[in-house]
Amino acid sequence: RNGLMPNETNAAANGHSAEDIRWMTEAIELASQGRGKVEPNPPVGCVLVRDSVCIGKGYHQRFGGPHAEVEALADCDDATGATAYVSLEPCCHHGKTPPCADALIRAKVARVVVSVVDPFAEVDGGGIERLRSAGIEVVTGIAKEAGEELLAAYLKRIRTGMPWVIAKWAMSLDGRIATQTGESKWITGPASRGAVHELRASVDAIAVGMGTVIADNPLLTVRLSELAKVTAADKPNTETETSPLVRLVYSRSRLPDLQSQLVQTASQTPTWLIAGPQIANADLARLADHDVETWQCESADPIEMVRQSLLWLGSKDNPRGLAMTHVMVEGGSQLLGSFAAADQIDEVHAFIAGKCIGGRSAPGPLGDPGIKALSDATSLRMSRVDSFDNDVRLIYRR
């Protein structure tokens with residue numbers, strides 16, 4: 001009735017102007033372009049506005065590269081008196097780049113609008129305090145829900161030390177991921193499988209269990225023509241390059257055959273084995289001789305193995321030396337069941353094909369242990385629906 005869009009009406013009710021919402025929404029959309037390229041740093045966008053006109057914009061484009069504020073200032077001749085809309089609080093510490101709060105102060109912006117306050121210990125309100133000390137007006141919490149949606153994986157890792165876990169599976173209309181005989185190639189069509197490879201290209205690691213390794217002998221690489229032009233082996237080893245995809249294998253007792261595709265290609269694509277405590281050191285050493293990195297959990301309990309491994313992956317103690325932000329679990333059902341039981345599934349990509357398989361013993365996506373009461377089920381909310389030829393992808397998130 002007042003000419004505002006619904007989200008703008010809500011913003012006005014919260015004391016936030018429609019213009020602030022508009023420009024912050026653009027900053028968040030810009031930030032999304034960096035997802036999958038800047039981790040373990042967060043994706044951030046910045047828009048500079050003066051007299052209701054955008055005079056510069058930018059986003060964090062690659063790990064180790066200039067931050068969003070610096071990119072936006074470089075896109076602007078003079079930011080004096082402007083408002084800077086930043087999707088995450090400007091940093092105030094020296095990391096791979098100088099503090100962005102200082103860059104905004106030097107540029108003489110008059111106002112900084114922030115969507116999400118950064119909980120990272122070296123920032124955590126420090127950037128806002130530095131800006132205000134310089135006489136710059138700072139407003140926070142604009143489009144906060146959308147900002148936190150984009151930053152969910154980063155926020156989880158900072159707050160818990162664990163990466164965001166994406167569970168992916170392909171199933172029939174009646175919820176089977178394979179036939180009674182174990183046949184699963186292919187339930188969904190080529191377009192769906194292409195979307196899976198796009199998803200793989202945006203995460204730090206793909207995880208599978210030994211059942212999948214034995215049954216499918218998978219390669220677990222990104223195989224889209226436009227994304228496969230630069231392979232892990234071709235990438236220069238520099239700070240500004242995104243780290244190559246890591247293949248994770250969870251093993252309580254069984255180990256991959258030395259002739260499997262994962263082991264045979266471990267020198268080209270990082271392959272890590274997360275092992276149970278009962279596996280002999282000599283067996284792990286044989287895998288290490290074939291360039292497979294191994295890490296042994298203290299517990300053989302599948303749920304504890306999930307938790308311990310996620311803390312390891314989310315730290316700098318892993319072989320990559322960088323904390324992981326996104327891990328995708330592709331199967332099988334037992335590994336997915338363990339992640340579900342550990343309450344460590346943050347996002348689901350369920351690809352559903354227009355096929356019916358049937359069979360009482362045909363497996364579903366999640367194996368044991370399962371839950372006894374529906375009230376114990378992890379609740380996720382619908383985020384997106386996509387169609388791929390005759391398949392549908394449902395995306396649910398925490």
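Trainee: Which residues does serine 299 touch, not counting residues up to four places away in sequence?

Mentor: Good place to start, and keep in mind that this is a predicted model. Serine 299 is found in the loop between β10 and α12, and at 19% relative accessibility it counts as buried, because the cut-off for buried is under 20%. Beyond its sequence neighbours, the residues serine 299 touches are Pro277, Glu304, Met305 and Gln308.

Trainee: Which backbone nitrogen does the side chain of serine 299 reach?

Mentor: Stay in the loop between β10 and α12, where serine 299 is found. The distance is 3.0 Å, and the backbone nitrogen belongs to aspartate 301.

Trainee: In what order do the nine strands of the open sheet lie?

Mentor: The pairing in this sheet is mixed. Neighbouring strands are turned by 20° against each other on average, direction ignored. Reading across the sheet, the order is β10-β9-β8-β7-β11-β6-β12-β14-β13.

Trainee: Which strands stand at the edges of that sheet?

Mentor: Look for strands with a single partner, since one side of each is then left without a neighbour in the sheet. The two edge strands are β10 (293-296) and β13.

Trainee: What is the bridge partner of leucine 273 in β10?

Mentor: Strand β9 (residues 271-275) is joined to β10 by four bridges, and the two run parallel. Within β10, the partner of leucine 273 is threonine 294.

Trainee: What angle does the direction of helix α11 make with that of β10?

Mentor: Helix α11 (residues 281-288) packs on the sheet and touches both β9 and β10. Its direction makes with that of β10 an angle of about 155°.

Trainee: And which strands does helix α13 touch?

Mentor: Helix α13 (residues 333-341) packs on the sheet as well, and its direction makes about 135° with that of β11. The strands touched by α13 are β6, β7, β8 (246-251) and β11.

Trainee: How far apart are the axes of α12 and α13?

Mentor: Helix α12 (residues 302-313) packs against α13 at an angle of about 75°. That makes α12 roughly perpendicular to α13. At this contact, Pro302, Ile303, Val306 and Leu310 of α12 meet Ser338, Phe339 and Ala341 of α13. The distance between the axes is 8 Å.

Trainee: How many of the eight residues of β6 are buried?

Mentor: Side chains in a regular strand alternate between the two faces of the sheet, so each face can be checked in turn. On one side of β6, Trp164, Ile166, Lys168 and Ala170 are buried, and on the other Val165, Ala167, Trp169 and Met171 are buried too. The strand is therefore largely enclosed by the rest of the structure, and the count of buried residues is eight of eight.

Trainee: Which residue of β12 stands opposite methionine 171?

Mentor: Strand β6 has parallel pairings with β11, over four bridges, and with β12, over six bridges. In the β11 pairing, alanine 167 has valine 329 as its bridge partner. In β12, the residue opposite methionine 171 is isoleucine 352.

Trainee: Which side chain makes a polar contact with the side chain of glutamate 330?

Mentor: Glutamate 330 lies in strand β11 (residues 326-331), and at 16% relative accessibility it counts as buried. Its contacts away from its own stretch of sequence include Lys168, Val196, Ile206 and Val208. The polar contact spans 2.7 Å, and the partner is arginine 200.

Trainee: What covers the buried residues of helix α8?

Mentor: In α8 (residues 190-200), the buried residues are Ser192, Gly194, Ala195, Val196, His197, Leu199 and Arg200. Their cover includes β6 (164-171), β7 (205-209), β11, β12 (347-352), β13 (381-388) and β14 (391-397).

Trainee: How far apart in space are proline 363 and isoleucine 177?

Mentor: Proline 363 sits in the loop between β12 and β13 and counts as partly exposed, at 28% relative accessibility. It touches Gly175, Arg176, Ile177, Ala178 and Thr179. Although proline 363 and isoleucine 177 are 186 residues apart in sequence, their C-alpha to C-alpha distance is 6.0 Å.

Trainee: Which cysteine sulfur is nearest to that of cysteine 92?

Mentor: The count of disulfides comes to zero. Cysteine 92 has its nearest cysteine sulfur 7.1 Å away, whereas a disulfide needs two sulfurs within 2.5 Å, so cysteine 92 is in no disulfide. That nearest sulfur belongs to cysteine 91.

Terms used
Residues are numbered from 1 along each chain as its sequence is written. This is a predicted model: local features need pLDDT of at least 70, side-chain atom pairs count only at pLDDT 80 or more; totals for chains, interfaces and linings use all residues. Side-chain values use heavy atoms; hydrogens and water are left out. Buried means under 20% relative accessible area, exposed over 50%, partly exposed in between (1.4 Å probe, protein chains only). A polar contact is a pair of N or O atoms within 3.5 Å; within protein, one must be able to donate a hydrogen and the other to accept it, and residues adjacent in sequence count only if both atoms are side-chain atoms. Contact means heavy atoms within 4.5 Å. Two strands pair if DSSP finds at least two bridges between them. Axes are lines fitted to C-alpha atoms, for helices over the stretch in contact, and angles run from 0 to 180 degrees between N-to-C directions. Angles under 35 degrees count as roughly parallel, over 145 as roughly antiparallel, 65 to 115 as roughly perpendicular and the rest as oblique.
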